[in-house]
Amino acid sequence: MSDLPAAPFWMPLLIVIPLAAGSLAFLFGPRSSLGLVAATLVGIWLALIRLILDFNDIGLQLYPIGSWSAPLGIDLRADGLSVVMLGMTATVGSFISLYALGYFAGERVLGGRFWPLWWFLWAALNALFLSADLFNLYVTLELLSLSAVGLVTLSGDRESLAAGLRYLLTALAGSLAYLMGVALLYGAYGTLSLALIAGLTRSEPANALAASLITVGLLLKTALFPLHFWLPPAHGSALPPVSALLSGLVIKASFYMLLRLWFEVFPSALTPVFAQGVGALGAIAVFMGAWLAFHQEKLKMLIAWSTVAQIGYLFLTFPLVAASPADALTAWSGGVYLALSHAVAKAALFLAAGAMLRVTDEDQIERLEGVGRHLPVSLFAFAAAGVSLMGLPPSGGFIAKWLLLDAALSTGQWWWAAVLVLGGLASAAYIFRVLRRCFLAPREHAVFHPVPLIMPIAALSLAGVALALGLAAIFPLRLLEKSAPFVGAAATPPMVVP
Amino acid sequence: MIGGGLIYAIAGAILFALGLYGLVVHAHLVRKLIAFNITGSGVFLVLVGLPQRMAGTPPDRVSEALVLTGIVVAVSATAFGLALVRRLYELTGKTRLPNDPRPEP
């Protein structure tokens, strides 16, 4: 490991490409969008596919930036979890980009503001999933929050500014709590590297305090009940492509960090009481989120509250993993797969809703009557994505819930199985409430505006991916299993490409 | 032996708590941003002070580099927050969030 002559540069490329695209989009304004979008997407996919192939052949990937290795330099690291999250970002991100081309076609000023922030956000996400140390995670998380807040306030009206400020202050408080935890860990162990700290942590007060600060900070950013207050206004008042990337991708970043830290860095602090407690908060979020989603007047607020409910499911992973080592891998894969399929399905839902609202020109569920006749493609996308949210076969949501159910039943925790099943019914209630409206006959004098064709097509393709995740689950699951934290992978030394 | 670093770390912990308190109780958005900066300074003091808690420890370059990065992040976040507050003030004439339940001063 002393000299690294030809480490593969696919990992830094995944960060540099969107960063360069963001800078170019900022410099050249809205003129550049089509060519730039095409070039960036191709670049990102090429780098990602090469990274996945290398990971599949060789295993864990390490890249010291500028050949300076840690602690002075910054290491990039990719294992199965990182690769799957990068793939999720690229899939959802590509369709959101295509959709945004149509959405901002008539609004050059808004588009000129959207593209740089979106590319920077993508770069921050990729960098976060490739980070190998606690501090780099902090910096990328801040970059992510700042670009996300910028995107929320894109339209610059009173409502989105207030939502953006609330989001900003919450995000800053969350990151500082996280950073305080990192400061304590660094003071105690003298290292920031995830891999090194994993071998050092013991059950002691400093460690428990650090873990609590980090967890509370990240729960605030992931918007788990009761820390979800900032999410519905921010996700509900943003423009549809922005809502899609916030609900689909941004909250997954802090959830990814929680998975990474709890199961790989301080598993010793994962006590049954903590795990059951987090699971209970998740269960409350599932039912409260679904209840409030059902009672919303505005379509985007309904989808935003549905995000609160779906975040609740993600946290059922913790009690299921903690229960028994034998079922830990199943529950963990289920949790990651749920994050993946929620990202795709929720983004598809927001994109479809954006097209439906463009047609009716008003964010009211009441006004959706007749949309089924005028925009059947979007409505079909909405329904197909809804299938994944409800967890019905054949969809990614079904596979994920199946894995979680399997873990719940074989560890004898029937109460979590009940939450999983009843929660699916609750999501069906609010999805069908929207579908019912859309199938009614249009009102007299109702005006339907045309939408660019790319918008419903992008939404439908993404919904198709949500279903395909149910049929082709084996590939992502195998990637996950390859370096999962529960199969003794932590003990094998990282491999560096010679 | 206990060194000077520990005093900074303890002061940092107190500032962190004070800052979080301010972030929650104040309705005025600029006060919230100032509280965020106080919280941040508290974290930076802990980050620098804690590794040097024993007397005679040489200064830790890594933690200094971390604090520098942290300061850059905090400055950018504050500037962005102030820009948003100004825009909100132009639109609503108020320096607080529109649905803040607390009574006007």
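# Notebook: a look through chains A and B

**Entry 1, overall build.** I started with burial: buried residues make up 62% of the 498 residues in chain A. For that I call a residue buried if 20 or more other C-beta atoms lie within 10 Å of its own, exposed if 12 or fewer, and partly exposed in between, with C-beta atoms placed from the backbone. I should say early that this is a predicted model, where local features need pLDDT of at least 70, side-chain atom pairs count only at pLDDT 80 or more, and totals for chains, interfaces and linings use all residues. Residues are numbered from 1 along each chain as its sequence is written, while chains are lettered from A and ligands numbered from 1 in the order in which they are written.

Next I looked up the secondary structure of chain A, which comes to 20 helices and two strands. Helices (H or I, at least four residues) and strands (E, at least two) are DSSP runs, numbered from the N terminus. The radius of gyration of chain A is 22 Å, close to the 23 Å from the globule rule for 498 residues, so chain A is as compact as a globular protein of that length. That radius is taken over C-alpha atoms, and the rule is 2.2 Å times the number of residues to the power 0.38. The C-alpha trace of chain A spans about 70 × 55 × 40 Å along its principal axes.

I also checked contacts in chain A: between residues at least 6 apart in sequence, 81% join residues at least 24 apart. Two residues are in contact if their C-beta atoms, placed from the backbone, lie within 7 Å.

**Entry 2, an enclosed helix.** Is helix α3 of chain A enclosed or open? I found that 24 of the 24 residues of α3(A) are buried, so this helix is largely enclosed by the rest of the structure. Its length works out too: the 24 residues (80-103) should span 34 Å at 1.5 Å a residue, and the end C-alpha atoms are 34 Å apart. The expected span is 1.5 Å times one less than the number of residues.

**Entry 3, a helix with two sides.** Over in chain B, I picked helix α1 (residues 4-25), whose 22 residues reach 32 Å from first C-alpha to last, close to the expected 32 Å. Which residues of α1(B) are buried? They are B:G5, B:A9, B:G12, B:F16, B:G19 and B:L23. These cover an arc of only 85° around the axis, which puts them on the same side of α1(B). The arc is that of the directions from the helix axis to the C-beta atoms. A handy reminder for a newcomer: an α-helix has 3.6 residues a turn, so residues three or four places apart point the same way. On the other side of α1(B), I noted B:I14 and B:V25 as exposed. The cover over the buried residues includes α6 of chain A and α2 (29-49) of chain B.

**Entry 4, where the chains meet.** That led me to the contact between the chains, which takes 24 residues from chain A and 31 residues from chain B. On the chain A side, α5 (134-152) and α6 (158-189) each supply at least two residues. Helix α6(A) gives the most, with 16 residues. By class, this side of chain A has 16 nonpolar, five polar and three charged residues. Here Ala, Val, Leu, Ile, Met, Phe, Trp, Tyr, Cys and Pro count as nonpolar, Asp, Glu, Lys and Arg as charged, and the others, Gly among them, as polar.

**Entry 5, domains of chain A.** The assignment gives domain 1 (1-130), domain 2 (136-269) and domain 3 (271-485); such bounds come from an automatic or database domain assignment. The centres of domain 2 and domain 3 of chain A, taken over C-alpha atoms, are separated by 22 Å. Between them, 24 residues of domain 2 are in contact with 31 residues of domain 3. Helix α10(A) gives the most to the domain 2 side, with 14 residues.

**Entry 6, backbone oddities.** Most residues other than glycine have a negative phi, and most peptide bonds are trans. I looked for exceptions. A cis peptide bond joins A:F225 and A:P226, with omega about 0°, and A:P226 is found in the loop between α8 (205-222) and α9 of chain A. In that loop between α8 and α9 also lies A:A223, with a positive phi near 65°. A:A223 is buried, with 29 other C-beta atoms within 10 Å. The peptide bond from A:P393 to A:P394 is cis as well, with omega near -5°.
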